[in-house]
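Please look over the sequence and the structure below before reading on. The paragraphs that follow go through the structure one part after another.

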Amino acid sequence: MEFKGAMGGIYRLTEWITRLAATNLLWAICSSPFLFFLIMKLLVMQQNLANESLQMNWAIAIVAPLTLFPATSALFTVVRKWNMGDTDVPIFRTFFVGYKENYKQSLIGGIFYTVLFAIMYLDYTVYMTQFRNMQLVGIIMLVLLLLLFVSLFNFFSMVVHYHMSIGLIIKNAVLLTLIRPFRVFSTLLGSGLLFYIGFRYPVLFVFFIISIIAWFAFFNFYATFMKMQEQMEKMQQKKEEEEAAQNDDGIDKIGDLEASDVKNENLQK
């Protein structure tokens, strides 16, 4: 039964609220170890407990590749379906199929990103606090940290959209961030706005914020992918036209040579 008018709009709105909330809850449940240590980290920071804060850093670094990255890949598996028009996809099944299929790549990518984040954050902290005369290096490290974080949007999108090695996924995620920064940074700005709203109303983090960010991130990635594919098709078509024109020129030249040979034979006769 399909509703029309205002009732139809309300029905579709409630459908999307249910989809976003269900997907967000699945992500939160699968990421719960990471979220637990993250919340503990924030609590000990408020109390200025240095040793406990360091311990939470280690715990976060250990559980992030094991839980956060696979759960986020599973989340992107669902929003990919939505962006490609399959809005009625079964959320629970799609989420866990994506979780299982992409677990290994998400784990390896998670280890890579976690190690890089840890090294660069440590460098940033050292240069900004202990080497006052080298704070420019700290600022550069902060910019690199931001670029690395932004490339995560492309990383998760590529994990669920392409069948390629994890090395190529990481490489292309970073390259796409550098050569197509507008779309990715618009995702970053949109995510920042959603995080601001989430901090004002924390309950939204449980039900909507993360799934909306993932949907918007893949939307921008897919738009970039389609535009690049269109450009490649145009280049391929242009190349084929040039090759066809060269072949036509070659045929014309051969025809001219044959005509010249015939003429020479007639003259000799």
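The largest cavity in this predicted model holds about 50 Å³ of space. The structure has one cavity of 30 Å³ or more. Its lining is made up of Phe 153, Asn 154, Leu 176, Arg 183, Val 184, Thr 187, Ala 217, Asn 220, Phe 221 and Thr 224. Two or more residues of this lining come from each of α6, α8 and α10. The largest share, four residues, belongs to α10. Sorted by class, the lining of the largest cavity has five nonpolar residues, four polar ones and one charged one.

One of these lining residues, Asn 220, can be looked at in detail. Asn 220 sits in helix α10, which covers residues 209-268. Is Asn 220 buried or exposed? Asn 220 counts as buried because its relative accessible area is 4%, and the cut-off for buried is under 20%. Apart from neighbours within four places in sequence, Asn 220 is in contact with Arg 183, Ser 186 and Thr 187. Among these partners, Arg 183 and Thr 187 also appear in the lining of the largest cavity.

A residue of helix α8 gives another case. Helix α8 spans residues 181-200 and contains Ile 197. The relative accessibility of Ile 197 is 31%, so Ile 197 counts as partly exposed. For this class the value has to lie between the 20% limit for buried and the 50% limit for exposed. Ile 197 and Ile 209 are separated by 12 residues in sequence, and their C-alpha atoms are 8.6 Å apart in space.

Next come the open spaces, the pockets. How much space lies in the largest pocket? The volume of the largest pocket is about 2,300 Å³. The largest pocket is lined by 45 residues, and those closest to its centre are Phe 34, Leu 38, Ile 60, Leu 68 and Phe 149. At least two lining residues come from each of α1, α2 (32-46), α3, α5, α6, α8, α9 (203-207) and α10. Helix α3 gives the most to this lining, with 11 residues. By class, the lining of the largest pocket has 37 nonpolar residues, seven polar and one charged.

The second largest pocket has about 320 Å³ of space. Its lining has 16 residues, of which Thr 77, Glu 101, Asn 102, Val 160 and His 163 are the closest to the centre. The elements that supply two or more of the lining residues are α3, α4 and α6. Here α4 gives the most, with five residues. The lining of the second largest pocket divides into five nonpolar, seven polar and four charged residues.

From the pockets we turn to the nonpolar core. In soluble globular proteins, nonpolar side chains tend to be buried together. The largest nonpolar core in this model has 51 residues, and those that touch the most other members are Trp 27, Phe 76, Phe 95 and Phe 155. At least two residues of this core come from each of α1 (5-30), α3, α4 (91-101), α5, α6, α7, α8 and α10. The largest share of the core, 12 residues, comes from α3. What does Phe 155 contact, leaving aside its neighbours within four places in sequence? Phe 155 is in contact with Phe 69, Gln 105, Gly 109, Tyr 113, Ile 166, Ile 169, Ile 170 and Ala 173.

Two of the partners of Phe 155, Gly 109 and Tyr 113, are also among the buried residues of helix α5. The others buried in α5 are Ser 106, Gly 110, Thr 114 and Met 120. An α-helix has 3.6 residues a turn, so residues three or four places apart point the same way. The cover over the buried residues of α5 includes α3 (50-83), α6 (135-161) and α7 (166-179). Helix α5 itself runs over residues 103-129 and has 27 residues. From its first C-alpha to its last, α5 reaches 38 Å, close to the 39 Å expected at 1.5 Å a residue.

Last comes the protein as a whole. The secondary structure amounts to 10 helices and zero strands. Of the 269 residues in the protein, 34% are buried. Among contacts with a separation of 6 or more, 73% are between residues 24 or more positions apart.

How values were computed
Residues numbered from 1 in each chain as written. Predicted model: local features only at pLDDT ≥ 70, side-chain atom pairs only at ≥ 80, totals over all residues. Heavy atoms only, no water. Expected span 1.5 Å × (residues − 1). Buried < 20%, exposed > 50% of the residue type's maximum accessible area, 1.4 Å probe, protein only. Contact = heavy atoms within 4.5 Å. 1 Å grid on protein atoms, 1.4 Å probe; cavity = no way out; pocket = protein on both sides within 12 Å on 5 of 7 lines; lining within 4 Å. Points joined across faces, edges and corners; volume = space filled by probe spheres on them. Nonpolar A, V, L, I, M, F, W, Y, C, P; charged D, E, K, R; others polar. Core = buried A, V, L, I, M, F, W, Y, C linked by side-chain atoms within 4.5 Å.
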